[in-house]
Amino acid sequence: MSWHPDNAEAPQPPHDAATFLRFTIRAIPFGIVCFGSLAVLILLRYPERWIYGMRRPFTPYLTQFVCRAFFAITGIRFAASGVPMKTRGAIIANHSSWIDIFTLHVTKRVYYVSKAEVRGWFGIGWLARATGTIFINRVRGEAKQHEEVLRDRLTLGHKLLFFPEGTSTDAMHVLPFKTTLFAAFFDPALRDILSVQPVSVIYRAPPGKEAEFYGWWGEMSFGWHLIKVLGAARQGSVEVIYHPPLRVADYPDRKALARASEDVVRQGMPEERRLL
């Protein structure tokens, strides 16, 4: 049987006192930065919306500041290579953890396409709503509605970011890409001007820890994993690789574009992580 978050166990042993202490030391300053910035963002968003509507020319910089602060405070090392695209379209990446929310915003201002459950997450859900995240229910009956929402945001020039795997993993595997959300790129009014940029996100565990340390999958508790990551005695690293963009017009349909994107993301991973 190939690996999948639904059939993989996610052990959650109790945290020790030292882990809780380190978590507290990091969580308090990040909470101040995060929620303080959220308050400023909400205040700025009203005049920004009045003047610019949905275009948001200024507040995404504040979100980017919070994401960079996350790495400075936690000590997780961050590196990026390749060139984030400047053309209109979307970023497509593999999905390993809630940490991706911060990782993929450090070098590029984007708007996430996220599963609806994130809306209710403490802290992160508030930040996601305030920063213009698009929430979707992954049910077939709502696919057309989602396509229309994505098309409208792409028309505004928003750079969208979504995870075609449809779920997070143990950070050691790339799951097959689902094709439904790719349909919005083939709108006749947009197809010739949009590109999709595949991005490979590679987490490396702290020394002495299991390889999937940063992975968050299956029934693993968000709170437990948050304490684990922020409470680590030593941190690992994350690498983001921006691959050359793929022109939507060069592909006959959403399935072909999804396959091409998956192939590029998978090839950017270390060799042992390219297979299911």
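This is a walk through a predicted model of one protein chain, from its overall form down to single side chains.

Start with the whole chain. Seven helices and eight strands make up its secondary structure. The radius of gyration is 18 Å, and the globule rule gives 19 Å for 276 residues. The two values are close, so the chain is as compact as a globular protein of that length. Along its principal axes, the C-alpha trace spans about 55 × 50 × 35 Å. Of the 276 residues, 53% count as buried. Take the contacts between residues at least 6 apart in sequence: 76% of them join residues at least 24 apart.

Now look inside. The largest nonpolar core holds 52 residues. Within this core, F70, W98, L104 and V199 touch the most other members. Several elements each supply at least two residues of this core: α1, α2, β2 (89–93), α4 (124–130), β6, α6 and β7. A second, separate core has 31 residues, including V113, A184, V248 and A260.

V199 repays a closer look. Leave aside its neighbours within four places in sequence. V199 is then in contact with I91, I92, A93, N94 and L104. Its contacts also include V240, I241, Y242, H243 and V265. One of these partners, L104, is itself among the core residues that touch the most other members.

Next comes helix α2, residues 59–74. How far apart should the ends of its 16 residues be? At 1.5 Å a residue, the helix should span 22 Å. The C-alpha atoms at its ends are 23 Å apart, which agrees. The buried residues of α2 are T59, P60, L62, T63, Q64, V66, C67, A69, F70, F71 and T74. F70, in this buried set, is also one of the best-connected members of the largest core, with W98, L104 and V199. Just after α2, G75 takes a positive phi of about 90°.

The start of α2 leads back to helix α1, residues 17–52, where E48 sits. Is E48 buried or exposed? Its relative accessibility is 4%, so E48 counts as buried. Not counting residues up to four places away in sequence, E48 touches G53, R56, P57, F58, T59 and P60. T59 and P60 belong to the buried residues of α2. Eleven residues separate E48 from T59 along the chain, and their C-alpha atoms are 8.0 Å apart.

E48 also has a charged partner. R45 forms a salt bridge with E48, with the closest N and O atoms 3.0 Å apart. The two are three residues apart in helix α1, so about one helical turn separates them. Both R45 and E48 are buried.

The model has six salt bridges in total. Another joins E239 and R204, again with closest N and O atoms 3.0 Å apart. This pair links distant parts of the chain: E239 is in strand β7 and R204 is in strand β6 (residues 195–204), 35 residues apart. E239 is partly exposed, at 21% relative accessible area. R204 is partly exposed too, at 36%. A further salt bridge brings the side chains of D250 and R247 together at 2.7 Å, N to O. R247 is partly exposed, with a relative accessible area of 42%.

Two polar residues close the tour. Q235 lies in the loop between α6 (222–230) and β7 (237–242). Q235 has a relative accessible area of 6%, so it is buried. What joins the side chains of Q235 and Y214? They share a polar contact of 2.6 Å. Beyond four places in sequence, Q235 touches R26, T74, G75, I76, R77, P206, P207, Y214, V229 and L230. T74 is one of the buried residues of α2, and G75 is the residue with the positive phi just after that helix.

The other is R266, in helix α7 (residues 254–267). At 11% relative accessible area, R266 is buried. A polar atom of its side chain lies 2.9 Å from the backbone oxygen of V174.

How values were computed: Residues are numbered from 1 along each chain as its sequence is written. This is a predicted model: local features need pLDDT of at least 70, side-chain atom pairs count only at pLDDT 80 or more; totals for chains, interfaces and linings use all residues. Side-chain values use heavy atoms; hydrogens and water are left out. Helices (H or I, at least four residues) and strands (E, at least two) are DSSP runs, numbered from the N terminus. The expected span of a helix is 1.5 Å times one less than its number of residues. Buried means under 20% relative accessible area, exposed over 50%, partly exposed in between (1.4 Å probe, protein chains only). Contact means heavy atoms within 4.5 Å. A polar contact is a pair of N or O atoms within 3.5 Å; within protein, one must be able to donate a hydrogen and the other to accept it, and residues adjacent in sequence count only if both atoms are side-chain atoms. A salt bridge is a side-chain nitrogen of Lys or Arg within 4 Å of a carboxyl oxygen of Asp or Glu. A nonpolar core is a set of buried Ala, Val, Leu, Ile, Met, Phe, Trp, Tyr and Cys residues joined through side-chain atoms within 4.5 Å. The radius of gyration is taken over C-alpha atoms; the globule rule is 2.2 Å times the number of residues to the power 0.38.
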